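Q: I would like a close look at how the helices of this protein are packed against one another, and at a few residues that sit between them. Please take the parts in order and keep to what the model itself shows.

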Amino acid sequence: MSQTAIIWPMIAHVLLVYIVYVLMLVRRAAAVKAGNAKVSQFRENKDEPSESIFVRNNLANQFELPVLFHAVCLALAVTGAAGSLAVTLAWIFITTRYAHAYVHITGGRIGHRQKLFGLGFLVLAIMWITLAIHIAA
């Protein structure tokens, strides 16, 4: 397997971030059009309208744990450890991010979100352990 195969899950996450950005813009525009928000209130993000609050929160979430994901993917590729296991784990992590985003954005139950987050958290930890084992060997 090519060491660059680990880049595709990273690209998939970037796509998710762009999707969430577009959705936030659409929902904010709808809130302004409906008279539920003013454009000026988005300058400081103090009073996010209900139409877009879940999306904004999810967007912030895409720059938390996924930062560690991108770092480990690059480290795995650079050290030659981006084999089948690492790439599979990366795709599992990304799948959990898409599912988590869907549940989060649709205002789904917190319990479902926590399970998806927990699974992604665990998978990411295994990716870091895989990297540590590879460079220690």
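A: What follows goes through the helix contacts one by one, with the individual residues placed beside the contacts they belong to.

The model is a predicted one, and the residue numbers used here run from 1 along the chain as its sequence is written.

The account can begin with helix 1, residues 7-33, and its packing on helix 3, residues 65-79, where the two axes are 10 Å apart and the packing angle is about 155 degrees. Because of that angle, helix 1 is roughly antiparallel to helix 3, and the crossing of helix 1 and helix 3 is left-handed. On the side of helix 1 the contact is formed by I7, P9, M10, H13 and V14, while helix 3 contributes P66, F69, H70, C73 and L74. Sorted by character, the residues of this contact of helix 1 with helix 3 comprise 8 nonpolar and 2 polar ones, with no charged residue among them.

Helix 1 also meets helix 2, residues 53-61, and here the axes of helix 1 and helix 2 come within 9 Å and cross at roughly 155 degrees. Helix 1 and helix 2 are therefore roughly antiparallel to each other, and the crossing of helix 1 and helix 2 is left-handed. The residues of helix 1 that take part are V17, V20, Y21, L23, M24, R27 and R28, and those of helix 2 that they meet are V55, R56, N58 and L59. The contact of helix 1 with helix 2 is made up of 7 nonpolar residues, 1 polar residue and 3 charged residues.

One residue of that contact deserves a separate look, namely N58, which lies in helix 2. N58 counts as buried because its relative accessibility is 0%, the cut-off for buried being under 20%. Leaving aside neighbours within four places in sequence, N58 is in contact with V20, H100, A101, H104 and I105. V20 belongs to the helix 1 side of the contact between helix 1 and helix 2, whereas H100 and H104 are listed on the helix 4 side of the contact between helix 4 and helix 5.

A comparable look can be taken at Q62, which is placed in the loop between helix 2 and helix 3. Although Q62 is in a loop, its relative accessibility is 1%, so Q62 counts as buried. Again leaving aside neighbours within four places in sequence, Q62 is in contact with H13, L16, V17, R97 and A101. Of these, H13 takes part in the contact of helix 1 with helix 3, and V17 takes part in the contact of helix 1 with helix 2.

The loop between helix 1 and helix 2 holds V39, and with 58% relative accessibility V39 counts as exposed. V39 and M1 are 38 residues apart along the chain, and their C-alpha atoms are separated by 49 Å.

Turning to the aromatic rings, the structure holds 2 aromatic pairs. In the pair of F69 and F93 the ring centres are 4.7 Å apart and the planes stand at 20 degrees, so the pair is stacked. This pair links distant parts of the chain, since F69 is in helix 3 and F93 is in helix 4, residues 84-105, with their positions 24 residues apart in sequence. F69 counts as buried at 0% relative accessibility, and F93 is likewise buried, with a relative accessible area of 0%.

Helix 4 in turn packs on helix 5, residues 110-136, with axes that come within 9 Å and cross at roughly 160 degrees. That angle makes helix 4 roughly antiparallel to helix 5, and the crossing of helix 4 and helix 5 is left-handed. On helix 4 the contact includes F93, R97, H100 and H104, and on helix 5 the residues include H112, R113, F117, G120 and T130. The residues of the contact of helix 4 with helix 5 divide into 15 nonpolar, 6 polar and 2 charged.

Finally, V87 is also found in helix 4, and V87 counts as buried at 7% relative accessibility. Not counting residues up to four places away in sequence, V87 touches M1, A5, I6 and A82. The C-alpha atoms of V87 and P9 are separated by 7.8 Å, although these two residues are 78 residues apart along the chain.

Methods. Predicted model: local features only at pLDDT ≥ 70, side-chain atom pairs only at ≥ 80, totals over all residues. Heavy atoms only, no water. Axes fitted to C-alpha atoms, helices over the stretch in contact; angles between N-to-C directions. Helix = DSSP H or I, 4+ residues; strand = E, 2+ residues; numbered from the N terminus. Parallel < 35°, antiparallel > 145°, perpendicular 65-115°, else oblique. Left-handed = near helix turned anticlockwise from the far one by under 90°. Contact = heavy atoms within 4.5 Å. Nonpolar A, V, L, I, M, F, W, Y, C, P; charged D, E, K, R; others polar. Buried < 20%, exposed > 50% of the residue type's maximum accessible area, 1.4 Å probe, protein only. Phe/Tyr/Trp six-rings, centres within 6.5 Å; stacked < 30°, edge-to-face > 60°.
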